Amino acid sequence: MNDRQKEKIKNNVAGYLLVLPLLISLTIFTIYPLLMALFDSFFLDYNPLREHDWSAFGFGNYIKAFTSKTFWKSVKITTIYSVFMIPFSVVGSFFISYALSKNVRGIKVYRALYYFPCVIPGIVSAIVYKYIYSYTDYGFFNSILIRLGLSKFDFFEAKSQAEALISYMSLSIYTLGGSMPFWIAGFKSIPASYIEAAKLDGCKGGRMLVSIIIPMMGGYIFFQVLNTVIATLQIGQGVLQISSRGVYDENLNFYGLYIYNQTQGVYGFNLGYASALSYLLFIIIGILSIFMFKRNKKIYYAEDGGI
């Protein structure tokens, strides 16, 4: 072994030692739980307080899911929510961020105000939303309705699933600013020479947006759509802060909340069933992600191949 080979081995060992803490934490807190969840998913109604019952080993949890009315109701609610909210979140945040990307006087103040709701802790936001949408007389919206001589509205507690969903969808208006820095970075990355050349050709306004801005933002749009799809399908935390059972008649019992409640005794302490539901969601997200990457070939990327 020559000196060059020894130096190479020495450098490799040093590199592995530097990443060892990350590999250990990744193995203990990510890979091991993922494998254990997959293992537990094959034990029907597995409770971690008891030993594994090998007589219950099989696809019982998966069969239970596909034959459960509550499961299909949560899938339906999540699908309806996703169909409306994914386009609204992406398109709405895109155009608002585009308006805030202009270099005009005082624009930084508007950007800060637009982004401010996103830095408020989730539990604080939940308390504020519960006050704003409360059915009682001190609820912000209902107090306005009373002063106008109108009847109060149930919002999240509405008996109509459509009304409850629309009320919950309205919360997304306050958090559209979360992706603003990402969008503005994309707008600023478009070469000024392209914009100037388009202006010389008489391209402006909506034509500039459709012919130049949106095509050049293809990579950013794809990334945002992918992240929004993944996040929306896992929705549930916000409802949990309002009601652990998905409010009236489980009208807001999203799939993510349904999984969580399996581990909290709401439907029984069924960690095995929760694991099976989680892997079903993982498969769905994986299939959608692969499909989106396959359909991603016509999107413009920068010359270095990155977004």
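Two residues are in contact when heavy atoms of each lie within 4.5 Å. The model used in these exercises is predicted.

**Exercise 1. Place S172 and find its contacts.**

Task: State where S172 sits, whether S172 is buried or exposed, and which residues S172 touches beyond its neighbours within four places in sequence.

Solution.
- Step 1: Locate the residue. S172 belongs to the loop between α7 (161-169) and α8 (180-189).
- Step 2: Apply the burial cut-off. Buried means under 20% relative accessible area. S172 has 11%, so S172 is buried.
- Step 3: List the contacts. With neighbours within four places in sequence set aside, S172 touches M85 and F88.

**Exercise 2. Describe the largest pocket.**

Task: Give the volume of the largest pocket, the residues nearest its centre and the elements that supply two or more lining residues.

Solution.
- Step 1: Take the volume. The largest pocket comes to about 970 Å³.
- Step 2: Read the lining. It has 30 residues, and Y81, L171, S172, T175 and I235 lie nearest the centre.
- Step 3: Assign elements. Two or more lining residues come from each of α3, α5 (122-132), α11 and α12 (237-240).
- Step 4: Link back to Exercise 1. S172, a buried loop residue, is one of those nearest the pocket centre.

**Exercise 3. Classify two ring pairs that share F57.**

Task: Which geometry does the F43 and F57 pair have, and which does the W54 and F57 pair have?

Solution.
- Step 1: Set the scene. The whole structure holds 34 aromatic pairs.
- Step 2: Take F43 and F57. Their ring centres are 5.2 Å apart and their planes meet at 70 degrees. An angle over 60 degrees counts as edge-to-face, and this pair is edge-to-face.
- Step 3: Place both residues. F43 and F57 are 14 residues apart, and both sit in the loop between α1 (3-40) and α2 (60-66).
- Step 4: Compare exposure. F43 is buried at 1% relative accessible area. F57 is partly exposed at 43%.
- Step 5: Take W54 and F57. The centres are 5.6 Å apart and the planes stand at 35 degrees, so this pair is tilted.
- Step 6: Check W54. At 57% relative accessible area, W54 is exposed.

**Exercise 4. Examine F155.**

Task: Where is F155, what is notable about its phi, and which aromatic cluster includes F155?

Solution.
- Step 1: F155 lies in the loop between α6 (140-147) and α7.
- Step 2: Its phi is near 55 degrees, a positive value in a residue other than glycine.
- Step 3: F155 has a relative accessible area of 11%, so F155 is buried.
- Step 4: F155 forms one aromatic cluster with Y81, Y133, F140, F141, F153, F156, Y168 and F254.
- Step 5: Y81 from this cluster is also among the residues nearest the centre of the largest pocket.

**Exercise 5. Map the largest nonpolar core.**

Task: Which residues of the largest nonpolar core touch the most other members, and which helix gives the most residues?

Solution.
- Step 1: Recall the general trend. In soluble globular proteins, nonpolar side chains tend to be buried together.
- Step 2: Find the hubs. The core has 20 residues, and F71, Y255 and L277 touch the most other members.
- Step 3: Assign helices. At least two residues come from each of α2, α3 (69-100), α11 (218-233), α13 (255-262) and α14 (271-294). The most come from α14, with 9 residues.
- Step 4: Expand one hub. Leaving aside neighbours within four places in sequence, F71 touches A65, F66, Y255, Y258, Y273, L277 and L280.
- Step 5: Separate the other core. Another core of 19 residues lies apart, with I77, Y129, I242 and L252 among its members.
- Step 6: Note a charge beside a hub contact. K64 lies over the face of Y273, 4.4 Å from the ring centre.

**Exercise 6. Explain the setting of α13.**

Task: Why is α13 described as largely enclosed, and against which helices do its buried residues pack?

Solution.
- Step 1: Count. Of the 8 residues of α13, 7 are buried, so the helix is largely enclosed by the rest of the structure.
- Step 2: Name them. They are Y255, G256, L257, Y258, I259, N261 and Q262.
- Step 3: Find the partners. These buried residues pack against α3, α12 and α14.

**Exercise 7. Relate sequence distance to spatial distance.**

Task: How far apart in space are the C-alpha atoms of S275 and L34, and those of F222 and N296?

Solution.
- Step 1: S275 and L34 are 241 residues apart along the chain, with C-alpha atoms 9.2 Å apart.
- Step 2: S275 lies in helix α14 and is buried at 6% relative accessibility.
- Step 3: Beyond neighbours within four places in sequence, S275 contacts A37, D40 and S41.
- Step 4: F222 and N296 are 74 residues apart in sequence, and their C-alpha atoms are 7.6 Å apart.
- Step 5: F222 lies in helix α11 and is buried at 9% relative accessible area.

Key: Residues numbered from 1 in each chain as written. Predicted model: local features only at pLDDT ≥ 70, side-chain atom pairs only at ≥ 80, totals over all residues. Heavy atoms only, no water. Phe/Tyr/Trp six-rings, centres within 6.5 Å; stacked < 30°, edge-to-face > 60°. Buried < 20%, exposed > 50% of the residue type's maximum accessible area, 1.4 Å probe, protein only. Lys NZ or Arg CZ within 6 Å of the ring centre and 35° of its normal. Core = buried A, V, L, I, M, F, W, Y, C linked by side-chain atoms within 4.5 Å. 1 Å grid on protein atoms, 1.4 Å probe; cavity = no way out; pocket = protein on both sides within 12 Å on 5 of 7 lines; lining within 4 Å. Points joined across faces, edges and corners; volume = space filled by probe spheres on them.
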